Amino acid sequence: MARRKTKRRSIKKARTVSKGKYDKLVKKKKTKKRMTKKEKQQLDRALFVNYCKCIKKLKYSKEYEEGLEYPICMSSVYKKRGFKAPKNVKEKCKKYY
């Protein structure tokens, strides 16, 4: 039985919200204000894209040891903002190049 080939996507081409809108959504979630479903989706997508970009940037730089990019990016994107990271976010990020 042949294995299915997964489609790889570019993280550079991933759609995200503007910087101002992103800051506004982060602030809204931090203060636990009511968010619409669309706003939640936009914020989740923007956080995911930022996390993947961070990983790709650190993974190919020579400043950090191999494997350190995951906890550094997790901390900077999710933990310091007080958000819980989605399940298997690291694995989902591997689908992007």
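Trainee: Leaving aside its neighbours within four places in sequence, which residues is glutamate 39 in contact with?
Mentor: Leu25, Lys28 and Arg34. Bear in mind that this is a predicted model.

Trainee: And where does glutamate 39 lie?
Mentor: Glutamate 39 is part of helix 2.

Trainee: Is glutamate 39 buried or exposed?
Mentor: Buried. Its relative accessibility is 15%, and the cut-off for buried is under 20%, so glutamate 39 falls in that class.

Trainee: What does the side chain of glutamate 39 reach?
Mentor: The backbone nitrogen of threonine 36, at 3.1 Å.

Trainee: Back to helix 2. How many residues does it have?
Mentor: Helix 2 has 23 residues, running 37-59. From first C-alpha to last it reaches 33 Å, close to the 33 Å expected at 1.5 Å a residue.

Trainee: Which residues of helix 2 are buried?
Mentor: Glu39 is one of them. The others are Leu43, Ala46, Leu47, Phe48, Val49, Tyr51, Cys52, Cys54, Ile55, Lys56 and Leu58.

Trainee: What do the buried residues of helix 2 pack against?
Mentor: Helix 1 (19-30), helix 3 (69-77) and helix 4.

Trainee: What about lysine 40, is it buried or partly exposed?
Mentor: Lysine 40 is in helix 2 too, but it counts as partly exposed because its relative accessible area is 45%, between the 20% and 50% limits.

Trainee: How far apart are lysine 40 and lysine 94?
Mentor: In sequence, 54 residues; in space, 23 Å from C-alpha to C-alpha.

Trainee: New topic, pockets. What volume does the largest pocket have?
Mentor: About 230 Å³. Its lining has 15 residues, and the closest to the pocket centre are Asp44, Arg45, Phe48, Tyr78 and Pro86.

Trainee: Which helix supplies the largest share of that lining?
Mentor: Helix 2, with five residues. Helix 4 (89-93) also supplies at least two residues.

Trainee: How does the lining of the largest pocket split by class?
Mentor: Seven nonpolar, one polar and seven charged residues. Phe48, one of those closest to the pocket centre, is also on the list of buried residues in helix 2.

Trainee: Now backbone angles. What is the phi of lysine 32?
Mentor: Positive, about 60 degrees, although lysine 32 is not a glycine. Lysine 32 sits in the loop between helix 1 and helix 2.

Trainee: Is lysine 32 buried or exposed?
Mentor: Exposed. Its relative accessible area is 75%, and the exposed class starts over 50%, so lysine 32 belongs there.

Trainee: And asparagine 88, what phi does that have?
Mentor: Asparagine 88 has a positive phi of about 60 degrees, and it is not a glycine either. Asparagine 88 lies in the loop between helix 3 and helix 4. At 48% relative accessibility, asparagine 88 is partly exposed.

Trainee: Zooming out, how many helices and strands does the protein have?
Mentor: Four helices and zero strands. From the N terminus the order is α-α-α-α.

Trainee: What does the C-alpha trace span?
Mentor: About 45 × 35 × 25 Å along its principal axes.

Trainee: What share of the protein is buried?
Mentor: Buried residues make up 31% of the 97 residues.

Trainee: Last one: of the contacts with a separation of 6 or more, what share comes from residues 24 or more positions apart?
Mentor: Those account for 59%.

Methods. Residues are numbered from 1 along each chain as its sequence is written. This is a predicted model: local features need pLDDT of at least 70, side-chain atom pairs count only at pLDDT 80 or more; totals for chains, interfaces and linings use all residues. Side-chain values use heavy atoms; hydrogens and water are left out. On a 1 Å grid over the protein atoms alone, a cavity is a set of points where a 1.4 Å probe fits but cannot get out, and a pocket is an open set with protein on both sides within 12 Å along at least five of seven lines; lining residues have an atom within 4 Å of a point. Grid points are joined across faces, edges and corners, and a volume is the space filled by probe spheres set on the points. Ala, Val, Leu, Ile, Met, Phe, Trp, Tyr, Cys and Pro count as nonpolar, Asp, Glu, Lys and Arg as charged, and the others, Gly among them, as polar. Buried means under 20% relative accessible area, exposed over 50%, partly exposed in between (1.4 Å probe, protein chains only). A polar contact is a pair of N or O atoms within 3.5 Å; within protein, one must be able to donate a hydrogen and the other to accept it, and residues adjacent in sequence count only if both atoms are side-chain atoms. Contact means heavy atoms within 4.5 Å. The expected span of a helix is 1.5 Å times one less than its number of residues.
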